[in-house]
Amino acid sequence: MSVSQQDLDPDSTTDVEVVTDTEEELIKECEEIWKDMEELSLLIMQVKCLTAELSQWHKETPEITPLTEDVLITLGTEEFQKLRHDLEMVLSTIQSKNEKLKEDLEREQQWLDEQQQIMESLNTLYSELKNQFVTFSETRIFSELKTKMLNIKAFKEKLLSTLGEFLEDHFPLPDGNVKKKKKNVQESTKQLITLHEILEILINRLFDVPHDPYVKISDSFWPPYIELLLRNGIALRHPEDPTRLRLEAFHQ
């Protein structure tokens with residue numbers, strides 16, 4: 001196997017590396033120079049634009065008017081006339097708006113007056129109708145209540161009369177021949193009342209004094225009648241006073 005001259009010469013490798021580094025540096029410098037050229041090109045274009053604009057300004061040199069007394073008076077008069085014209089326009093616009101607002105206000109005031117008159121008329125009519133309705137309603141209600149009370153009273157009297165006849169037929173008072181259970185017991189000197197009368201007393205007490213419907217059991221109440229009412233749930237004894245009696249509240 002033969003060996004080349006470069007393999008035997010150690011300096012040959014170093015030379016190749018140096019050449020490679022040099023090429024990279026040159027490429028980098030070229031890129032920087034190209035970048036600088038691009039920036040320079042942009043600057044040149046801006047300079048050309050500014051130069052053209054400056055040249056245009058030089059061509060359009062403004063005319064300077066000498067500020068003499070006559071010129072100042074003329075300029076002041078023109079400005080005053082312009083300002084006067086503008087103020088007159090503003091004044092005309094304001095006057096026109098004021099006229100329109102005045103017309104609108106008069107129209108609104110007229111509408112308000114009409115509504116006020118309508119409201120007063122309605123209030124008067126409402127008061128009249130209310131008085132008539134109240135009078136009519138009170139009279140009608142009173143008449144209906146009176147009729148109902150009369151009907152209830154008539155029904156109550158009829159019911160009590162029928163109940164009295166039924167009780168007198170089926171639950172008569174004891175006659176004088178009733179035998180005493182104990183020989184040494186004296187008869188009560190008071191007159192016994194019928195079962196119908198006892199029930200009427202209990203009914204009146206219940207409706208007249210509903211907060212205290214109990215009635216004192218007197219000697220005129222025949223004991224068998226009391227037991228009959230209690231046994232059939234028609235009457236109740238007072239929970240603390242067995243001598244007092246009340247009617248069961250069937251209407252509640």
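Me: How many salt bridges does the count come to by the rule used here?

Reply: The count comes to six, where a salt bridge is a side-chain nitrogen of Lys or Arg within 4 Å of a carboxyl oxygen of Asp or Glu. This is a predicted model, in which local features need pLDDT of at least 70 and side-chain atom pairs count only at pLDDT 80 or more, while totals for chains, interfaces and linings use all residues. Residues are numbered from 1 along each chain as its sequence is written, and side-chain values use heavy atoms, with hydrogens and water left out.

Me: What makes E88 and R84 a salt bridge?

Reply: Their closest N and O atoms are 3.2 Å apart, and both residues lie in helix 3, four residues apart, about one turn of the helix.

Me: Why is K100 called exposed?

Reply: K100 has a relative accessible area of 52%, and exposed means over 50%, with buried under 20% and partly exposed in between (1.4 Å probe, protein chains only), so K100 is classed as exposed. The side chain of K100 meets that of D104 in a salt bridge of 3.4 Å, N to O.

Me: Why is D104 called partly exposed?

Reply: D104 has a relative accessible area of 21%, which lies between the two limits, so D104 counts as partly exposed.

Me: How do you know that R205 and D212 form a salt bridge?

Reply: The N to O distance between their side chains is 3.3 Å, which is within the limit, so the pair qualifies. R205 is partly exposed at 27% relative accessibility, and D212 is partly exposed at 26%. Elsewhere, salt bridges that share partners join K100, D104 and R107 into one network.

Notes
Helix = DSSP H or I, 4+ residues; strand = E, 2+ residues; numbered from the N terminus.
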